[in-house]
Amino acid sequence: MRILLLLHEMTLSGAPKVACGVFSQMPAGCELMTVAARPGPLEPEFQRLGETVVVARNERPTLASPLNAQVAYVADRAIAQPIRAAALARRIARWKPDIVYVNSAAALPLAARCAPPTARVIVHIHEIETLLSEHARLPVANMLLSRPSRYIAVSHAAEADLISRGIAADKITVIPPLYDETEYPAPAAPRTLPNGRPLHIGGIGTDFWRKGIVLWLLTAAELSRNLPPGAVKFTWLGITATEAGSQARVMARKLGLNGVIEFVPGGSGLSGKMREFDILAVTSWEESASIVAMEAMALGIPVACFAGSGGPPEIVGDAGVIVDGFSPAAMAAAIAQMTASDETYRNHSARSIDRARSRFASSVVVPQIWRVIDNVMNGSG
């Protein structure tokens, strides 16, 4: 079986990490060619798996508007360079892939140019709501509706979004994302509350509106006001050097959080910093799923999230807390309740470990995705 894998980028973000986890466990007899619109630190991993082509290696999109920039970048590089795109399409046609695996809606522009007409197409949907709507407005949006043999949605919330756009429910398989259990092994015992140091509340993600950094800062302010001085500290991992990042720092100062809050830029060392958290507050307005929530839970770190945010409540389940109404005050109260006693906190930690290991570990998720690929290849999926 020859598989053409299409990526919008090779960064350490969710969709590329999931693809890397899936295709690093290819069954015998599979061949892989990867085409990505943008390079990134995962490129060496994909190169080890097979031939790898980067469409625009030395160019970067602006970060002024991350969502629109990402969409426009992929579309421009995959479609607006017809000579190069045509040459790549001919090269792929000679290779004759059996399956085209489009790893996100953001990679649909590549599929429009690179997918041979006879190949079966699988689209793995990691997007939801506004992000998916941006891709659906592209000139190649008909690829989302007309071409795939099968859709993999990372949550039931993402599945519902696809159905609302006219995609038949029987063409969608819901499979959650995964975490690497070799990088996040289950601890020997549940966590306990810190002794002799402040409670450490974390947040992770870009500092743009979808990840809810304003909600997180307001939650931090509520906790800081309602707990004794020195009882809590806060860290946000993934701050950017953009206007949004500067605004977040100003808001933190105005909320009186200076001295108890740390902002850490994005990078490959964030997993080590996350291990220092006692609670992860996922305050996203919308998210198809949350790999960082899975990773935190695998380490025994309880997670709080908002109902109505999409995929995060499906990840958290009964292991952490799900807060109604996008209310920072309610989020702060829920976190205070989770940490009110060592027994309560330890129970949340134990449930988090069990839920992550049984539902989201790569050894559990990867075989599900390969069953879908095999079914599509055999015409039964």
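User: Two strands pair if DSSP finds at least two bridges between them; in what order, then, do the seven strands of the open sheet stand?

Analyst: This is a predicted model, in which local features need pLDDT of at least 70 and side-chain atom pairs count only at pLDDT 80 or more, while totals for chains, interfaces and linings use all residues. Residues are numbered from 1 along each chain as its sequence is written, and side-chain values use heavy atoms, with hydrogens and water left out. With strands taken as DSSP runs of E of at least two residues and helices as runs of H or I of at least four, numbered from the N terminus, the pairing in this open sheet is parallel and the order is S3-S2-S1-S4-S5-S6-S7.

User: Which strands of that sheet have one side left without a neighbour, and why?

Analyst: Neighbouring strands in this sheet are turned against each other by 20 degrees on average, direction ignored, where axes are lines fitted to C-alpha atoms (for helices over the stretch in contact) and angles run from 0 to 180 degrees between N-to-C directions. A side is left without a neighbour because each edge strand has a single partner strand, and the strands at the edges are S3 (51-54) and S7 (172-174).

User: Which residue in S4 is the bridge partner of Leu4?

Analyst: Strand S1, residues 2-7, runs parallel to strand S4, residues 99-102, and four bridges join them. Leaving aside neighbours within four places in sequence, the contacts (heavy atoms within 4.5 Å) of Val100 include Leu4, Leu6, Ala115 and Ile122. The bridge partner of Leu4 in S4 is Val100.

User: At about what angle to S7 does helix H8 run?

Analyst: Helix H8, residues 156-164, lies across strand S5 (120-125), strand S6 (150-153) and S7. Relative to S7, the helix runs at about 165 degrees.

User: Which strands stand at the edges of the open sheet with the order S10-S9-S8-S11-S12-S13?

Analyst: This open sheet has six strands with parallel pairing, and its neighbouring strands are turned by 20 degrees against each other on average, direction ignored. Two of its strands each have a single partner strand, so one side of each is left without a neighbour in the sheet, and these are S10 (261-265) and S13 (321-323).

User: Which residue in S12 does Leu280 stand opposite?

Analyst: Strand S11 (residues 279-282) pairs with strand S12 (residues 303-306) in the parallel sense, over three bridges. In S12, the residue opposite Leu280 is Val303.

User: What angle does the direction of helix H14 make with that of S12?

Analyst: Helix H14, residues 328-338, packs on the sheet and touches strand S8 (199-204) as well as S11, S12 and S13. Its direction and that of S12 make an angle of about 160 degrees.

How values were computed: Two strands pair if DSSP finds at least two bridges between them.
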